[in-house]
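Please write a short report on this model for a bench biochemist. Cover the ligand shells, the salt bridges and a few buried residues.

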Amino acid sequence: MRQLAMVMDLNKCLGCQTCTAACKTQWTNRAGREYMYWNNVETQPGSGYPKGYMNYEAGWDGKGNLKKGEIPPIPEDYGIPWEYNYKELMDGSAKTLRPDSENTWSANWDEDVGDGEYPNSYFFYLPRICNHCTKPACLAACPNKAIRKREEDGIVLVDLKLCKGAMECIKACPYKKVYFNLDIGQTEKCIFCFPRIEKGLPPACAKQCVGRIRHVGYLDDEEGHVYKLVKKWKVAIPLRPDFGTLPNVYYVPPLSPPKFNEKGEVTDEPRIPMEFLKRLFGKEVENALATLKSEMGKKEKGEKSELMDTLIAYKHGEMFRI
Ligand code: SF4
Ligand code: SF4
């Protein structure tokens, strides 16, 4: 009946992983969940978490057919949790900050790598949670009807009383935001902190966000930031809309510094290729960036901009209307 949504402003994300830690300590620091990050912050361009998740053919095909997809190798492509050599790190004898380990991949293995040649190299951070989609592929794929979407707020949940560990949801989710708990043999995922929502509190990742990038509210609440950013100003757009699941996490796309030419002069060309942004956020990204630039221009001239004031988020509490 109603849909809660989150808007994340990628121009303000610091990549500090406070959100990741907030989620980890609240929900996934226990048996079988060690490798899971219901909230992760990946570097783009990059492989993401799990590795190459966007390359699995999953979601909806545009004609109403579910694409079943594949399961990424668990836990290898997510990263096998390891113990650090704390003692050596503390006494100064450690040769590397990386632990002695056979591991060749983990979440954020390619953090801050990005793409492009110096001085035109670029990257940005992409925080991700379950999108609590309007057309959840995970729900459609479950043969045991264990996944449901709550009427009151659209939060998508796995019912562990019904889940038999078929893993079809993991195959079908194109964002790979359902995880298999190796200890209990069932799937688990981001719950949008529904016990907090029911007390009028925002999800822990949003409340703890150091960069104040996360706005939370109902899509039909015309006074809320979420409505204004998604529906009124249309600067917040979903990740990979072509996957067809109608995500309810929206992103304000990253503005780009200009490229330098061979003489070291600043050009008009943006450093992040528009084709790359279109692949991630669809063609609407061009209009969203144009609106952002235009409203930024107003602020620079000392004029008023409701959009910029909303994104700046002078008062943290105003970012949440639950
Ligand atoms: S992001 Fe994936 S797990 Fe979350 S609701 Fe959408 S399809 Fe389901
Ligand atoms: S806490 Fe906020 S600023 Fe820090 S990584 Fe997470 S989303 Fe980005």
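Buried means under 20% relative accessible area, exposed means over 50%, and partly exposed lies in between (1.4 Å probe, protein chains only). The model is predicted: local features need pLDDT of at least 70, side-chain atom pairs count only at pLDDT 80 or more, and totals for chains, interfaces and linings use all residues. Residues are numbered from 1 along each chain as its sequence is written, chains are lettered from A and ligands numbered from 1 in the order in which they are written, and side-chain values use heavy atoms, with hydrogens and water left out.

**Salt bridges**

A salt bridge is a side-chain nitrogen of Lys or Arg within 4 Å of a carboxyl oxygen of Asp or Glu. Side chains of opposite charge can pair when their charged atoms come close. The whole structure holds 20 salt bridges. Three of them are listed here.

| Pair | Closest N to O |
|---|---|
| Lys68 and Glu168 | 4.0 Å |
| Arg150 and Asp153 | 2.6 Å |
| Arg240 and Asp242 | 2.7 Å |

Take the pair Lys68 and Glu168, with closest N and O atoms 4.0 Å apart. Lys68 sits in the loop between strand 4 (66-67) and helix 2 (86-91), and Glu168 sits in helix 4, so this pair ties together parts that are 100 residues apart in sequence. Helices (H or I, at least four residues) and strands (E, at least two) are DSSP runs, numbered from the N terminus. Lys68 is partly exposed, at 44% relative accessibility. Glu168 is buried, at 18%.

In the second pair, Arg150 is buried at 7% relative accessibility. Asp153 is buried too, at 2%. A network of salt bridges links Arg150, Glu152, Asp153 and Glu198.

In the third pair, Arg240 has 9% relative accessibility and counts as buried. Asp242 has 46% and counts as partly exposed.

**A buried lysine without a salt bridge**

What is the nearest side chain of opposite charge to Lys176? It is Glu70, 8.4 Å away; Lys176 is buried yet has no salt bridge. For this count, Lys and Arg are positive and Asp and Glu negative, while His and the chain ends are not counted.

Lys176 lies in the loop between helix 4 (168-172) and strand 8 (178-181). Its side chain reaches two backbone oxygens. One belongs to Lys171, at 2.9 Å. The other belongs to Glu70, at 3.3 Å. Contact means heavy atoms within 4.5 Å. Leaving out residues up to four places away in sequence, Lys176 touches Pro50, Tyr53, Tyr56, Ala58, Glu70, Pro72, Ile170 and Lys171.

**Ligand shells**

A residue is near a molecule if one of its heavy atoms lies within 4 Å of it. Ala, Val, Leu, Ile, Met, Phe, Trp, Tyr, Cys and Pro count as nonpolar, Asp, Glu, Lys and Arg as charged, and the others, Gly among them, as polar.

Ligand 1 is surrounded by Cys130, Asn131, His132, Cys133, Pro136, Ala137, Cys138, Val156, Cys173, Tyr175, Val178 and Lys189. By class, this shell has 9 nonpolar, 2 polar and 1 charged residues.

Ligand 2 has 14 residues around it, and Cys13, Cys16, Gln17, Cys19 and Cys209 come nearest. Its shell has 9 nonpolar, 4 polar and 1 charged residues.

**Helices and their packing**

Helix 1 covers residues 18-28, and its buried residues are Cys19, Thr20, Ala22, Cys23, Lys24, Trp27 and Thr28. They pack against strand 2 (40-44), helix 5 (194-197), helix 6 (204-208) and strand 10 (214-218).

Ala204 belongs to helix 6. Ala204 is buried, at 6% relative accessibility. It touches Ala22, Gln26, Cys193 and Arg196, not counting residues up to four places away in sequence. Ala204 and Arg128 are 76 residues apart in sequence and 14 Å apart in space, C-alpha to C-alpha.

Helix 7 (residues 225-232) has His225, Val226, Lys228, Leu229 and Val230 buried. These buried residues pack against strand 1 (4-9), strand 10, strand 12 (249-252) and helix 10. Lys234 follows helix 7 and has a positive phi, near 55°.

Thr310 lies in helix 10 (residues 306-312). Thr310 is buried, at 7% relative accessibility. Its contacts are His215, His225 and Leu229, not counting residues up to four places away in sequence.

Conventions:
A polar contact is a pair of N or O atoms within 3.5 Å; within protein, one must be able to donate a hydrogen and the other to accept it, and residues adjacent in sequence count only if both atoms are side-chain atoms.
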